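Grab the viewer and work through these exercises. Each one sets a task and then walks through a solution.

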Amino acid sequence: MFSKTVRQELCSIVGEDWFLDTPEDLATYSYDAFLPEFTPDGVILPAKTEQVSRIMQVATREKIPVTPRGAGTNICGGSVAKQGGLIMAFNRMNEIVEVDAENRCATVQPGVVNADLQKLVAGYGLMYPPDPASMFVSTIGGNVALNAGGPRGVKYGVTRDYVLGLEVVLPSGAVIRTGGKSLKNVSGFDLTRLICGSEGTLGIITEIIVKLVVLPPAKATLQAIFSDLNDAAKTVSAIIGSGIVPTTLELMDKVVLDVIGSYGGATFRKDAEALLLIEVDGDASLLDAQGRRIEEFCRARGAVEVQRASTQAEADKLWQARRSAFGAVASRRPNCIVEDATVPVKRLPEIIRKIVDLSQKYRLKIGVLAHAGDGNLHPLIMTDLRDKDEMERIERALEEMYETAIEMGGTLSGEHGIGIAKKRFLKMEFSDSAMEIMKGIKRVFDPDNILNPGSFLM
Ligand SMILES: Cc1cc2nc3c(=O)[nH]c(=O)nc-3n(C[C@H](O)[C@H](O)[C@H](O)COP(=O)(O)OP(=O)(O)OC[C@H]3O[C@@H](n4cnc5c(N)ncnc54)[C@H](O)[C@@H]3O)c2cc1C
């Protein structure tokens, strides 16, 4: 709860309509796509950078926690008010300020929905490659703050690879600019890359300059079914090792395929133990040969069926299973925990085997869905938070899974971030000295710890 004076001051910055604190409004902003709920004391929706700066000045003076929020689709508890205070939501700062086709970049406000940017730049023959599966709702601000990836990451990389410059409001209210439109920039420390992926803990992102690439003229989409999960996993690293650069290389195991089947998303042959969805893009004249090579590759490694789309409608049909996977799995039990362990791609078969073993050892229903081409797994744990015994078994399974991923040279998170979801595991990946450096950086940006407090560091 804010004092009457502070409430009035916040309202005077954004206007009465854009400060929300009815119980209904607070409940609406009390959750994101992760599990726990935290009720904020107020929600504020600024319309411009200058307002963000003034809000931060009040927050610093009054020591009010501020948690930035895009669409709230993160899966790590990043955009909930873990210590109360203000949620700062960017729904109003959703303008695509400029598409600069000659410099192949665009300038956007943080609340722009990813798919809206994709659609607009396609009209210029350009593409913004980062494509989280949540792209029809998630915002560029949220994507930058979590360094989001997506199915196209195998070929094109992740959000950080496309952020050229940022405008950021610090907790003090100071506005800084990092980077710019130039493609090369080695001046000073790379603050742009540091803030990318900082999970809303260092500064509030109010403008983003993103790099664009030429829209590939054509793509080929293939689906390969395997009757052995291990064969499918080995095929992934074989494709990557062969020099073929797929745009997308997704894997789903039998658990996920069965759930999709019963959900009505698609049907598969009875002996299907795994599915690979593979896409390549580029010059139309080269795609046919690449498609054929991938098909041969899959068959030689045990695929029992390979389909290649010859029209966009057929490609959409092949994508339908992958697109319906999250919804299908989430409908299965009261809760679904989406994990994000990531390993070097060569270790994919081993980590998948480990996950299957863990699901048996701890009697859990885990489906494996993966952006397999870059070793990024999303084990989907179908569960019920109210079942204490099962939650304990999940915790033990997660600990083992992440220890294994890190031993393999992998990481706790390929793209979803740490937040409160994996904070307790962070020490597996970082030494005490590395943790101290990160905490020191946090203190320089945010000495009073008012930005997204309680999140992954402090
Ligand atoms: C069905 C589904 C599919 C998904 N698929 C993918 C996927 O393929 N790849 C992937 O990477 N993720 C995926 N996600 C996770 C999520 O969509 C991404 O992490 C996305 O980037 C979050 O964007 P958002 O706008 O929802 O941000 P939010 O969830 O609102 O916020 C995310 C984080 O960013 C911070 N933040 C938001 N705006 C700002 C700002 N302006 N300044 C500073 N910090 C800010 C918040 O504090 C929070 O820590 C998926 C989620 C769902 C539910």
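Two strands count as paired if DSSP finds at least two bridges between them. Helices (H or I, at least four residues) and strands (E, at least two) are DSSP runs, numbered from the N terminus. Residues are numbered from 1 along each chain as its sequence is written. Keep in mind that this is a predicted model: local features need pLDDT of at least 70, side-chain atom pairs count only at pLDDT 80 or more, and totals for chains, interfaces and linings use all residues.

**Exercise 1. Work out the strand order of the sheet with 7 strands and find its edges.**

Step 1: Walk across the sheet. The order reads β15-β12-β14-β13-β17-β18-β16, the sheet is open, and the pairing is antiparallel.

Step 2: Look for strands that pair on one side only. Those are β15 (303–308) and β16 (335–338).

Step 3: Check the twist, using axes, which are lines fitted to C-alpha atoms (for helices over the stretch in contact), with angles from 0 to 180 degrees between N-to-C directions. From one strand to the next, the twist averages 15°.

Step 4: Zoom in on one edge. β16 is joined to β18 (residues 376–383) by 4 bridges, and the two run antiparallel. Here N335 sits opposite T383 in β18.

**Exercise 2. Which helices pack on that sheet, and at what angles?**

Step 1: Set the contact rule: two residues touch if their C-beta atoms, placed from the backbone, lie within 7 Å.

Step 2: Take α10 (residues 284–300). This helix touches β12 (218–226), β14 (274–282) and β15, and its direction makes about 10° with that of β12.

Step 3: Now α11 (residues 312–330). It lies across β12, β13 (248–253), β14, β15, β16, β17 (365–371) and β18, running at about 130° to β14.

**Exercise 3. Describe how three helix pairs pack: α9 with α11, α8 with α10, and α12 with α13.**

Step 1: Fix the vocabulary. Angles under 35 degrees are roughly parallel, over 145 roughly antiparallel, 65 to 115 roughly perpendicular, and the rest oblique. A crossing is left-handed if the near helix is turned anticlockwise from the far one by less than a right angle, and right-handed if clockwise. For residue classes, Ala, Val, Leu, Ile, Met, Phe, Trp, Tyr, Cys and Pro are nonpolar, Asp, Glu, Lys and Arg are charged, and the others, Gly among them, are polar.

Step 2: α9 (residues 254–263) and α11 pack at about 85°, with axes 9 Å apart, so α9 is roughly perpendicular to α11. V256, V259, I260 and Y263 of α9 meet A321, S324, A325, A328 and V329 of α11. That contact has 8 nonpolar, 1 polar and no charged residues.

Step 3: α8 (residues 229–241) and α10 have axes that come within 10 Å and cross at roughly 140°, which means α8 is oblique to α10. The crossing is right-handed. T235, A238 and I239 in α8 meet I294, F297 and C298 in α10, giving 5 nonpolar, 1 polar and no charged residues.

Step 4: The axes of α12 (residues 348–361) and α13 (residues 388–407) come within 10 Å and cross at roughly 165°, so α12 and α13 are roughly antiparallel. This crossing is right-handed too. On α12 you'll find I351, K354, I355 and L358, facing A397, E400, M401, T404 and A405 in α13. By class, the contact has 6 nonpolar, 1 polar and 2 charged residues.

**Exercise 4. Trace the sheet with 5 strands, and say why β5 and β9 each have a side without a neighbour.**

Step 1: The order is β5-β6-β10-β8-β9, in an open sheet with antiparallel pairing.

Step 2: β5 (96–100) and β9 (175–179) stand at the edges with a single partner strand each, so one side of each has no neighbour in the sheet. The twist averages 10° from one strand to the next.

Step 3: Follow β8 (residues 163–169). Its pairing with β10 (residues 204–211) is antiparallel over 6 bridges, and E167 has E207 in β10 as its bridge partner. With β9, β8 pairs antiparallel over 5 bridges, where V168 partners I176.

Step 4: Inspect the hairpin of β8 and β9. There are 5 residues between the strands, and G173 takes a positive phi near 100°.
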